[in-house]
Every structure is written in C-alpha cells, then in structure tokens.
Amino acid sequence: MSRSEYRSTVLQSLKTMLIAGKYGLERWSYVLQRISGVVVALYFIAHVLETGNFIGGITVWSVPDYSFAEKAYEETVKLLKNPLFDVGLAVVGFLVTFHTINGIRLILAHFGFFLGKPRRPEPFEPPVSFSTRQRALFWLSISLAVFALLYALDSLMRVFRT
Amino acid sequence: MAASVKFRVYRYRPEDGGKGFYREYEVPVKKGMTILDGLLYIKESLDPTLSIRYSCRMAICGSCGMRVNGIETLACHTQISELRRRVITVEPMKNFPVIKDLVTDMAVLFKKQRALLTWLIRRDLVEQENPTHQYIQSDEELERYLQFTYCIQCGLCYSACPVVSTFPDFYGPQPLMKMYRYFADSRDEGGKERIDLVDKFEGVWRCHFAGSCSMVCPKGVDPALAIQLLRRASLRG
Amino acid sequence: MRERNLMLLHYITGLGILLFGAIHVWTLFFTYPLQETIWETTLRFDSLPYAVLPVYRNILFAASLFGLLLCTTIHAMNGIRAVIAELIGARIRWVEAVLVAVGVFLVVYGTRTILIANNLLV
C-alpha cells in the first residue's frame, strides 16, 4: 500500500468514526464514546505529566542542579494560566461523565442486560436491542454530562468574575 | 408530490479504473414507485450501460442492497415518495469491492460466514445420518433463534457497520449473527468450539454496539443483539 | 492473554476508575478546609499545588490514588490500542509494544509523584 493510499484509508476511517450519519442513537453513542475515551486518555497522560512537573517529578530528566526542573515548573505554571485550559477542564468533565455512564450502559449491554429477548420480528417495530431502558441510560449519560458541564462552567464564571 | 425526481447514481467502470463518478438522471415518478423501479427506468429509457443487481423485487432475495441518500436499504423495499427528497443519491454498498456501478462483490461476506461454522454441528455423525428419534424443540427454544433465521444475506448490515469499514478483519455483524443463530439452537453441539472461534481480537470484541446493523436491516433481524448475546456467552466462559 | 480476559480487565478497571476517581474527586471537594471554594480552587490549574497538596498526607489516600493511576493506565492503553487498530485497520506489534511502554512509564512516573506528594519518599 502506498503512502497516499494509506493516508486516504486512515482519513476514511476517521470519517466513519466521527460522523454518525443517519444511523441513529446507538451510532452517536459509539462516536461520542470513542471521542470522549481518546480525549480523556490524552487528558490523563497530560495530568500525570503536569502533576509530576508541579511536584518536582520532572527532576528524573534533569541533572542534579535541577535548574531544568525549576524551568519546567515555571513553564508549566505559565502554560496552564491560559483560561482555555480551564474551559478544557469543564469539557473534560463533560466527557468523563458521559464516558462513565455510557460505559456502564455498554458493560450492561455486553453482558446482555437491558436488551430484551429475541422475538419474532414484527413489521414497523424497532429492533429489540434498541430497548427503552438501554436508551434511557444513554439519555441519562447525556443529561448528567451536560449537568457536569454547566456546573463546571458556572464555577468557572464565578472564578473569572472574582 | 413532485412529478419527477433527480437520481444521482454512482457510476464506476472497471475498465477505466480509478475513482467512480456520479451521473444525474431525471426520472418521472408514479405512485408506489420504488428506487429499483427508478433505476430500471433509467436502464430502459435513459442509459442502458447502468449495471444493477436485482431479482425478486419484493425484499426476499437480498440482491439489490445499496446506499440511498447515505443509508443502506434494499432498492426494492424503499419507495421514492417515502424519502421526500427531490434529489436521490444512489451508491453501492460500502465495505465491499465494487464490480461495476451499483454491483458489489460480496464474496468476502460469504467467506467469513463459512469460516464461522454457520451450520449445525452434531458430534454423533452416525445418529445424524440415521436418526433414531425426533429432536423436538419447544416454542421457547425456537424463539431463541427464530428471529435470526430471517436473514436474507443482503449485506446491508455489513456495509453499515462502522467497525468493518475501519477494521476490515472484523468478522462483521452478519456472520456473527449467523453464528449466534446456530449457537442458540438447542440441537447444536458446537458450543465451546464456536466460542473459541469468536473469542479473538477480530471477533466479537470489536463490536462496540453502534447499532447501525440493526438500524438498516430490512427484515427486522437484530444483529447487534445477537452479537451482545454471543459476547455474553463468551464472557461467561 | 486471551481477548476475553483482556476485555474483563477493561470492564473491571473501568469500574475501578469509577470507585477511585470518585474518591479522588470527593477528597478534593470535601476534605479541603475551604469547602466553599475548593471547586473554584481546583478548577484553576495554576492554583493546583496549593489547593491539592495539603489533602495528600494520608497513606490510604495514596493507595487509592495509586489504584486510580493503575486502573486508568490499563483502561486507557487498552482503549487506545483498540482505537488505533481500528483506525489504521490492522494490529501492529510495535504500536502495542509502544503502548505497553507508555503505560509502564505513566505508572512509574505517577507513582513517583504520589510518593513525593505524600512525603513517603524522602
């Protein structure tokens, strides 16, 4: 496979992963679960590095006079002063809440709960696995995530005002 | 309702190679006309080079699967009026190589289906050939898999699956669903063997319950449910 | 490792994150002296060392943080492995090896941070 072909394949995959199209609610849950998972994982890596920098963990990379560690600490503090990071934290709150509740829904679905039993297909009826309970959990995850986002933004606004 | 609609049909000629292109046709609409009727009108009166595959015209054979306005349906099962669109985009199914225009090569689907032992497995071959008594199933045992026998192997779920299009090694919704149909059958004796077969990285674990397969199925089969139940069996060992 | 056990691990670590993460957030919110302003204080990145460090002097809390670190690393690396495999359409050995290495690094580095923050490492 040539390089350009390979790139177009990956772009195609990204498009499939990120655009739910007309495939309904469960497809949206797939897209959101994927995005939230990747973003939260990146946040987690950044969080480990950043707390390490604050605490002097960066010294593992530094020679004993630790001027590099101090510089890294100063730079981390300066970098994170940006209010964009604060808004980003609120978004991470949204994504974490969604990923948690939707993850529980997915675990339940993977163990076969909340899906309903196989039955004879009836015309004009939705599939059994699109059950009300399972979809209710999805909407619960969305609403809790929105609540978390609003709560965080509200606190943020109070911080910015003071 | 409009007296005519515009068909944007995907055209691909293998002898030209490269990418396909879209060609537009103006098709007069009568009441009750399906997408397949529209395509046949194009083939008869406007452009005889258009290739489509169809057979029964009544959603039984599963030959005319294609993507209409971005979602997979059987062309014979979708009326033009129910789309409520002036422009109708018709494309071949995804995740299959295109042979010509709207005709796709579905060999990969049947190959995967065969690899997943989609038949009844009996241990006692002598008994299988010369049965000594009836193997009666109760209604409950029948209901456990009956839904999944309605599959017509049109490949729409395979085309709609987001995982298959990003990870082609995934077994796909239809083969796994077919496997579950035999796994849930009370006469089948392949339990452990079947579970070992799907308990792979490419197997049931790549399903993320996106539900697109169940969404597009024209026969009301629920491949997503079948895969979750297969996964439950796999998780329980 | 069988794929089945890996997925079970994925579920278990996911529930573990729910438990330890709840402890993590809860401690930050409600054990800090200035309860009214803790959310505002922790939400600001630049105030983090002053807000968080006083809470950290507890061995059980350190253990729960380590659990959170371990669970999140396993869960995240397993998830990213699946996402990458599905993005490029194939499993690649060295990508998985890199992910294991990143996971080990995160656990080691994070453990170091936890130990220093708890004054367990002098």
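Among contacts in chain A between residues at least 6 apart in sequence, what percentage join residues at least 24 apart? The share is 59%. Keep in mind, as you look around, that this is a predicted model.

Let's stay with chain A for a moment. Its secondary structure consists of five helices and zero strands, so following the chain from the N terminus you meet the elements in the order α-α-α-α-α. Chain A has 162 residues, and 41% of them are buried. Turning to the outside, the accessible surface of this chain amounts to about 9,100 Å². Carbon and sulfur atoms account for 70% of that surface.

One place on the outside of chain A is worth a visit. Here Leu11(A), Leu14(A), Leu18(A), Ile19(A), Ile35(A) and Val39(A) make a nonpolar surface patch of about 470 Å². Two elements of chain A each give two or more residues to this patch: helix H1, spanning 3–18, and helix H2, spanning 25–55. The largest share comes from H1(A), with three residues. Leu11(A) is a good residue to pick out, and you will find it in helix H1 of chain A. Is Leu11(A) buried or exposed? Leu11(A) counts as exposed because its relative accessible area is 52%, and the cut-off for that word is over 50%.

Now move across to the place where chain C and chain B meet. The size of an interface is often given as the accessible area lost when the parts come together. For chain C and chain B, that buried area is about 1,300 Å², with 58% of it on carbon and sulfur atoms. On the chain C side, Glu3(C), Arg4(C) and Glu86(C) lose the most area to chain B, and together they make up 47% of what that side buries. Counting residues instead, the contact draws 14 from chain C and 16 from chain B.

What holds our attention next is the pairing of residues across this interface. How many salt bridges does the rule find between chain C and chain B? There are three. Asp199(B) forms a salt bridge with Arg2(C), and the closest N and O atoms of this pair are 2.7 Å apart. The interface of chain C and chain B also has six residue pairs in polar contact, with both residues at pLDDT 80 or more. To find your way on the chain C side, look for helix H1 (3–30) and helix H4 (59–88) of chain C, the elements that give two or more residues to the side touching chain B.

Terms used:
Residues numbered from 1 in each chain as written. Chains lettered and ligands numbered in written order. Predicted model: local features only at pLDDT ≥ 70, side-chain atom pairs only at ≥ 80, totals over all residues. Heavy atoms only, no water. Patch = residues over 30% accessible without salt bridge, like charges linked within 9 Å, V, L, I, M, F, W, Y side chains within 5 Å. Areas by Shrake-Rupley, 256 points an atom, 1.4 Å probe, with all protein chains shown as cover. Salt bridge = Lys/Arg side-chain N within 4 Å of Asp/Glu carboxyl O. Helix = DSSP H or I, 4+ residues; strand = E, 2+ residues; numbered from the N terminus. Buried < 20%, exposed > 50% of the residue type's maximum accessible area, 1.4 Å probe, protein only. Contact = heavy atoms within 4.5 Å. Buried area = accessible area lost by both parts, 1.4 Å probe. Polar contact = N/O pair within 3.5 Å; in protein donor to acceptor, adjacent residues only side chain to side chain.
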